[in-house]
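Here is a short report on how one protein model is put together. Look at the core, the sheet and a pair of helices in turn.

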Amino acid sequence: MSTVNHHSPNVFASFDPPGQQAALTSLCSELFDQQRSTWRKMAEGVASLESVRTREIICNGFSVHLQFNPKRIASTGADVDPAVIRRRPCFLCPESLPEEQQGILYRSEYYILCNPLPIFHRHFTISSVHHVPQDFESSVDVMLDLARDLGPEYSVFYNGPQSGASAPDHLHFQSSPRLAIPVERDAVDVRRRKRFYYKNHVAGFTLMDYGRTVVIIESSDNRRLAAYIGRLLAGWKEHLRLAEEPMMNVLCSYQENIWRLILFPRRKHRPDVYFKDGDARILISPATVDMGGLIVTPLEKDFLRVQTKLVEDIFVEVSEGRELVDQILENIE
Ligand SMILES: [Zn+2]
């Protein structure tokens, strides 16, 4: 039985190894060019990136980039209250996608779609063909496959249902050009890396002096890597006595036969300053990209006034504590 129904977006191409002819990286380039020439909203979104302003903020031990991007208001301001989510039509379901939108059908289970409100020049959303909730444990294998199939030009990221995903009810990943997110460079900085695990071809590191808690897992063996992640999630849930998935953002890349997974354990979805009234409110809603050091501010007044202390405070406020995470990591076999 086919999972593709008549509401599906126009299938630009299918990627289904083995026997796959074209590389996924080049299919994505072709999709991007096609969509930019036929879909006005997406072309405008990409063009708007040329006038986006950025600003570097130097913090204690690290730096971040702010990106003033007015088009991101829908995502930063997304209401993810379960009651609201239940009432709204799901914008990732195939039948709600714009008519102009085309996608690459990936391994018959996901559509790779161009993001019409991008943070990066090439910014894709990889969305399940099914309306099922965000769930990392059951989809980590897909994330590793995607990172490998997309090749070294791209990274793949996942936002937990309460950690920045604007569609927590519909399983999806996003992809960005590799190294576009600052943590990708910092994660290989030997002066920052502290190894906590090295066994059976899986290595684990934390980052020192980074202002937020980061866990890096690397392996050349995707099965062992996924199994480690399974044990990590189980230990983490047990430690916090959680029934649901722990809060997190994850960024994954693959190059030179190594998968690198950069994980940000979270304890809070949005900082208090997000909920303040009037002028005191600052619209920053941290997800993977922001936790990775590229903070999106859809409002100009925030872009201009955000300073070192606020960035440092937000990272501490929304990150899971380092000591607690160390305790969890110590107990993973
Ligand atoms: Zn949906």
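I104 touches F12, A13, F15, L27, C28, L31, Y111 and I112, leaving aside residues up to four places away in sequence. The model is predicted. I104 belongs to the largest nonpolar core, which has 79 residues. I104, I112, M143, A147, V156, C252 and L261 touch the most other members of that core. Helix α5 (residues 140–150) gives the most to this core, with 7 residues. In soluble globular proteins, nonpolar side chains tend to be buried together.

Next, the sheet. It is open, has 11 strands and shows mixed pairing. The strand order is β1-β4-β5-β6-β8-β7-β12-β13-β11-β10-β9. Strands β1 and β9 are the edges, each pairing on one side only. On average, neighbouring strands are turned by 25 degrees against each other, direction ignored. Strands β12 and β13 pair in the antiparallel sense over 8 bridges. Within this pair, M248 stands opposite P265 of β13.

| Strand | Residues |
|---|---|
| β1 | 10–15 |
| β9 | 193–199 |
| β12 | 248–255 |
| β13 | 258–265 |

Helix α5 also packs against helix α7 (residues 222–240). How far apart are the axes of α5 and α7? They lie 10 Å apart, at an angle of about 140 degrees. An angle over 145 degrees would count as roughly antiparallel, and 65 to 115 as roughly perpendicular; the α5 and α7 angle therefore makes the pair oblique. Their crossing is right-handed. From α5, the contact uses V140, D141 and L144. From α7, N222, L225, A226 and I229 take part.

Note on methods. Residues numbered from 1 in each chain as written. Predicted model: local features only at pLDDT ≥ 70, side-chain atom pairs only at ≥ 80, totals over all residues. Core = buried A, V, L, I, M, F, W, Y, C linked by C-beta atoms within 7 Å. Buried ≥ 20, exposed ≤ 12 C-beta atoms within 10 Å, placed from the backbone. Helix = DSSP H or I, 4+ residues; strand = E, 2+ residues; numbered from the N terminus. Contact = placed C-beta atoms within 7 Å. Pairing = 2+ DSSP bridges. Axes fitted to C-alpha atoms, helices over the stretch in contact; angles between N-to-C directions. Parallel < 35°, antiparallel > 145°, perpendicular 65-115°, else oblique. Left-handed = near helix turned anticlockwise from the far one by under 90°.
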